[in-house]
Amino acid sequence: MIGGRMFFLAAGGAALFLMQFAPSKAGDAHVEPVTAYVEANIRAWIENPAIIEALNTQNGLHAALTQAAMDDLDATWRAEFSSNVHPLIDTVVGNPLSMFLKEKQIASGGVITEIFVIDAKGLAVGESEISSDYWQGDELKWQKTYLAGASTLFVDAAEKDESTQMLQSQASLTISDPKTGRPIGAITIGINLDAL
């Protein structure tokens, strides 16, 4: 754990493990307000049935996928991203989970710039905005959440979006099945730091 602290919080009588990265240098000053926003506004709905059911369904469908098959799906997504025809992308961004995520993004009043849910293989399940790739398993947003265990929060570096000139960071959390407590995926939320 780099520059971090561990906290144990009691939530509903159960011990909830939360990893919080404390600011260790000037470039990490955004971590504390992003963490506070996530805890106050996001953690309460990440176990919504729309998210849990979509993850459990896709995890079942993708259980036997090989890395080669995931690479093929990701290549298809990337090709569709630059095309006018995108059946794979449409199945994700047009599903009920993506509609739910879009509503959450709109309700944030400009604080949230994007939301996407990732399954146990690192593949997109739902997205409020179209991402450029389908497989997120090679990125820290999945590796430092789903692979790290239940209730983990990872706040990524702050970056300026060249197209919007918006300073933003991504906060990612492990999603666990409330019935079993086992991690089943992750969620990433883009946060407009200028709006906090």
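This briefing walks through the nonpolar cores and the aromatic pairs of the structure above. Please keep in mind that the model is predicted. The largest nonpolar core has 28 residues, and a search of the whole structure turns up three aromatic pairs. Two of those pairs are described below, along with two residues, Val117 and Leu97, that help to show how the pieces meet.

**The nonpolar cores**

- Within the largest core, the residues that touch the most other members are Ile42, Trp45, Ile51, Val117, Ile175, Ile187 and Ile191.
- Helices and strands both feed this core: α1 (31-41), α2 (49-62) and α5 (96-107) each supply at least two residues, and so does each of the strands β3 (112-118), β5 (153-155), β7 (167-176) and β8 (183-192).
- Another core, of 10 residues, lies apart from the largest one, and its members include Trp77, Val93, Ala124 and Trp135.

**Val117 and its neighbours**

- Leaving aside residues up to four places away in sequence, Val117 touches Ile51, Leu55, Leu97, Leu101, Leu123, Ala124, Val125, Gly126, Ile175, Ala186 and Ile187.
- Two of these partners, Ile175 and Ile187, also appear with Val117 among the core residues that touch the most other members.

**Leu97, a residue to look at in α5**

- Leu97 is found in helix α5.
- Is Leu97 buried or exposed? Leu97 has a relative accessibility of 3%, so it counts as buried, the cut-off being under 20%.
- Again leaving aside residues up to four places away in sequence, Leu97 touches Ala50, Ile51, Ala54, Val117, Val125 and Gly126.
- Leu97 and Leu55 are 42 residues apart in sequence, and their C-alpha atoms are 9.5 Å apart in space.

**The edge-to-face pair: Trp45 and Phe100**

- Trp45 and Phe100 form an edge-to-face aromatic pair, with 5.9 Å from centre to centre and 80° between the planes.
- Trp45 sits in the loop between α1 and α2, while Phe100 belongs to helix α5; the pair thereby links distant parts of the chain, 55 residues apart.
- Both Trp45 and Phe100 are buried.

**The stacked pair: Trp77 and Tyr134**

- Trp77 and Tyr134 form a stacked aromatic pair, with 5.1 Å from centre to centre and 15° between the planes.
- Trp77 lies in helix α3 (residues 67-81) and Tyr134 in the loop between β4 (124-127) and α6 (140-143), so this pair ties together parts that are 57 residues apart in sequence.
- Trp77 is buried, with a relative accessible area of 0%.
- Tyr134 also counts as buried, because its relative accessibility is 4%.

Key:
Residues are numbered from 1 along each chain as its sequence is written. This is a predicted model: local features need pLDDT of at least 70, side-chain atom pairs count only at pLDDT 80 or more; totals for chains, interfaces and linings use all residues. Side-chain values use heavy atoms; hydrogens and water are left out. A nonpolar core is a set of buried Ala, Val, Leu, Ile, Met, Phe, Trp, Tyr and Cys residues joined through side-chain atoms within 4.5 Å. Buried means under 20% relative accessible area, exposed over 50%, partly exposed in between (1.4 Å probe, protein chains only). Helices (H or I, at least four residues) and strands (E, at least two) are DSSP runs, numbered from the N terminus. Contact means heavy atoms within 4.5 Å. Rings of Phe, Tyr and Trp (its six-membered ring) pair if their centres lie within 6.5 Å; planes under 30 degrees apart count as stacked, over 60 as edge-to-face and the rest as tilted.
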